[in-house]
Amino acid sequence: MLKFVLLALTTAALASPALAHPVSSPGSWSFTLGGATDNRSKDASKTRGGPFVHGEVKWLSPDGLFYGGAGVETIESNGSDVEYQLNLGVRPTLAGVDLDLNIAHKWQADANPGADNKTLELTASVSRSIGPASARLLLQHSPEGAGATRAWTWVEARLGWDLAPNLSASTAVGRREQSANIDYTGWNAGVTYAVNDRLDLDLRWHDTDALAQGPQYAGALVAGLNVEF
């Protein structure tokens, strides 16, 4: 609970300048808090199978084309239990296809002395929705990962389907190739329920084909929620 309060205060501090001047600031701002029973990224755990919380403040340009944000989340890596990030992106639509190009800088607070605790991630995705169906192809690359990992690339294909006005299902499969670490294929499948315009609940199974022992790459059922203000 204390860690969640600290994260909420940190994100609120990041958001306060924008929220304090909603009239003079162009574009719109959103503030999100959430958590889950495991922090899964690319289907691998960043919390060794333990729960996590996160917070984020995001700015969106008036035309919806540009966005930027700052976030914080709990992790278990390199002796650090908190990771911060700053990101900028652009979301154009071309011939009915939605593009998303993003650059993010992440760093782990209070990491072990000498640990490589910073990383830069480049993301590009292409998505399309037709009726209740949706599809997305995502490509991520980092020239230098955190910890012992050097350059890595993640490619993921995702399919989704709206089951009801507030209920959707999705499944995804991805492949991670990385230097100085193991390569693996990951996948997930689950459902997301929108309780209202602000609250989402998600239940999802994550798994990988990695042979490494421990909870990082093991299969797990993950339950999470996100609240947007």
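**Exercise 1. Determine which residue pairs with Glu73 in a salt bridge, and where the two partners lie.**

Solution. Step 1: the side chains of Glu73 and Lys46 meet in a salt bridge, at 2.8 Å from N to O; the term denotes a side-chain nitrogen of Lys or Arg within 4 Å of a carboxyl oxygen of Asp or Glu. The model is a predicted one, in which local features need pLDDT of at least 70 and side-chain atom pairs count only at pLDDT 80 or more, while totals for chains, interfaces and linings use all residues. Residues are numbered from 1 along each chain as its sequence is written, and side-chain values use heavy atoms, with hydrogens and water left out.

Step 2: Glu73 belongs to strand 5 (residues 66-77), whereas Lys46 sits in the loop between strand 3 (44-45) and strand 4 (52-60), so the pair ties together parts 27 residues apart in sequence. Strands (E, at least two residues) are DSSP runs, numbered from the N terminus.

Step 3: Glu73 has a relative accessible area of 15% and is therefore buried. Buried means under 20% relative accessible area, exposed over 50%, and partly exposed in between (1.4 Å probe, protein chains only).

Step 4: a network of salt bridges links Lys46, Glu73 and Glu83.

**Exercise 2. Compare the burial of the partners in the salt bridges Arg40 with Asp38 and Arg91 with Asp100.**

Solution. Step 1: in the bridge between Arg40 and Asp38, the closest N and O atoms are 2.9 Å apart. Both Arg40 and Asp38 are buried.

Step 2: for Arg91 and Asp100 the corresponding separation is 3.2 Å. Arg91 is partly exposed, because its relative accessible area is 34%; Asp100, at 18%, counts as buried.

Step 3: the structure holds 10 salt bridges.

**Exercise 3. Identify the residues of the largest nonpolar core and the contacts of Trp154.**

Solution. Step 1: the core has seven residues, namely Ala44, Leu138, Trp152, Trp154, Tyr184, Ala210 and Tyr217. A nonpolar core is a set of buried Ala, Val, Leu, Ile, Met, Phe, Trp, Tyr and Cys residues joined through side-chain atoms within 4.5 Å.

Step 2: leaving aside neighbours within four places in sequence, Trp154 is in contact (heavy atoms within 4.5 Å) with residues including Lys42, Asp43, Leu138, Arg175 and Tyr184.

Step 3: of the 229 residues of the protein chain, 37% count as buried. In soluble globular proteins, nonpolar side chains tend to be buried together.

Note on methods:
Helix = DSSP H or I, 4+ residues; strand = E, 2+ residues; numbered from the N terminus.
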